[in-house]
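Reader: I'd like to learn how to read helix packing and nonpolar cores in a model like this one. Could you walk me through it?

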Amino acid sequence: MTHRSALSHLVPVLLLLTGGCVAPRSATFPSLLPRPIESRSDAEPVAPVTIVEPDPATDATLVDLQKAIDTAGKAFDVAADSADRLAKAAHGDAVGSDRWIAAQTALGQLDGLRATTSSTITDIDELALTRAASGKPEYPAIATLRQTAQAALDAQAARIQSIQARLTPA
């Protein structure tokens, strides 16, 4: 078989094969215009500013809670001064001595007074949760009182630790 006759048989076969690769002209192609998802903004939405209306019932509750914090703070300070004097007197005493036991008892009373402040913080949190559950906006006075109460609780815990550091560990 000659080279020419092989080509003459191969040409019709190639034409048949390449004909299947051609797509009809009536096919539709997707548009190159931006899609709707590409035209949206990915910026964070601006939160609407909520105006908090005064709530006399909440304000009255906050005044009562502030009084409770102040009362607990004053009682704690008096007891802490006493516990501090007892801890200074018991400094260096053996565990179980009379002065050491008196200082430990005073520290236990301080923990009880600190628990009163902690309980007040729980009441503040409950007030905030009740407002949120009823769909009311956040009340700034609640957050302010919460921060004040937490600062008082932290100061009380630090004072207890400083007094306890003077005593011989059990």
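Reader: How are α3 and α4 oriented to each other, roughly parallel or roughly antiparallel?

Author: Start with the angle between the helix directions: over 145 degrees counts as roughly antiparallel. In this predicted model, α3 and α4 pack at about 160 degrees, so they are roughly antiparallel to each other. Their axes lie 10 Å apart, and α3 passes α4 in a left-handed crossing. The contact between α3 and α4 has 15 nonpolar, five polar and five charged residues.

Reader: At what angle do the axes of α2 and α3 cross?

Author: The α2 and α3 axes cross at roughly 165 degrees and come within 9 Å. By the cut-off of 145 degrees, α2 and α3 are therefore roughly antiparallel too. α2 passes α3 in a left-handed crossing, and their contact is made up of 22 nonpolar, five polar and four charged residues.

Reader: Now the cores. Which residues have the most contacts inside the largest nonpolar core?

Author: The general idea is that nonpolar side chains tend to be buried together in soluble globular proteins. Here, the largest nonpolar core has 14 residues, and Leu107, Leu110, Ile163 and Leu167 have the most contacts inside it. At least two residues of this core come from each of α2 (56-90), α3 (98-133) and α4 (140-164), with α2 giving the most, six residues.

Reader: What does Leu167 touch, leaving aside residues up to four places away in sequence?

Author: Leu167 touches Ala87, Ala90, Trp100, Ala103, Gln104 and Leu107. Apart from the largest core lies another, of eleven residues, including Leu62, Leu65, Ile121 and Tyr139.

Technical notes. Residues numbered from 1 in each chain as written. Predicted model: local features only at pLDDT ≥ 70, side-chain atom pairs only at ≥ 80, totals over all residues. Heavy atoms only, no water. Core = buried A, V, L, I, M, F, W, Y, C linked by side-chain atoms within 4.5 Å. Buried < 20%, exposed > 50% of the residue type's maximum accessible area, 1.4 Å probe, protein only. Helix = DSSP H or I, 4+ residues; strand = E, 2+ residues; numbered from the N terminus. Contact = heavy atoms within 4.5 Å. Axes fitted to C-alpha atoms, helices over the stretch in contact; angles between N-to-C directions. Parallel < 35°, antiparallel > 145°, perpendicular 65-115°, else oblique. Left-handed = near helix turned anticlockwise from the far one by under 90°. Nonpolar A, V, L, I, M, F, W, Y, C, P; charged D, E, K, R; others polar.
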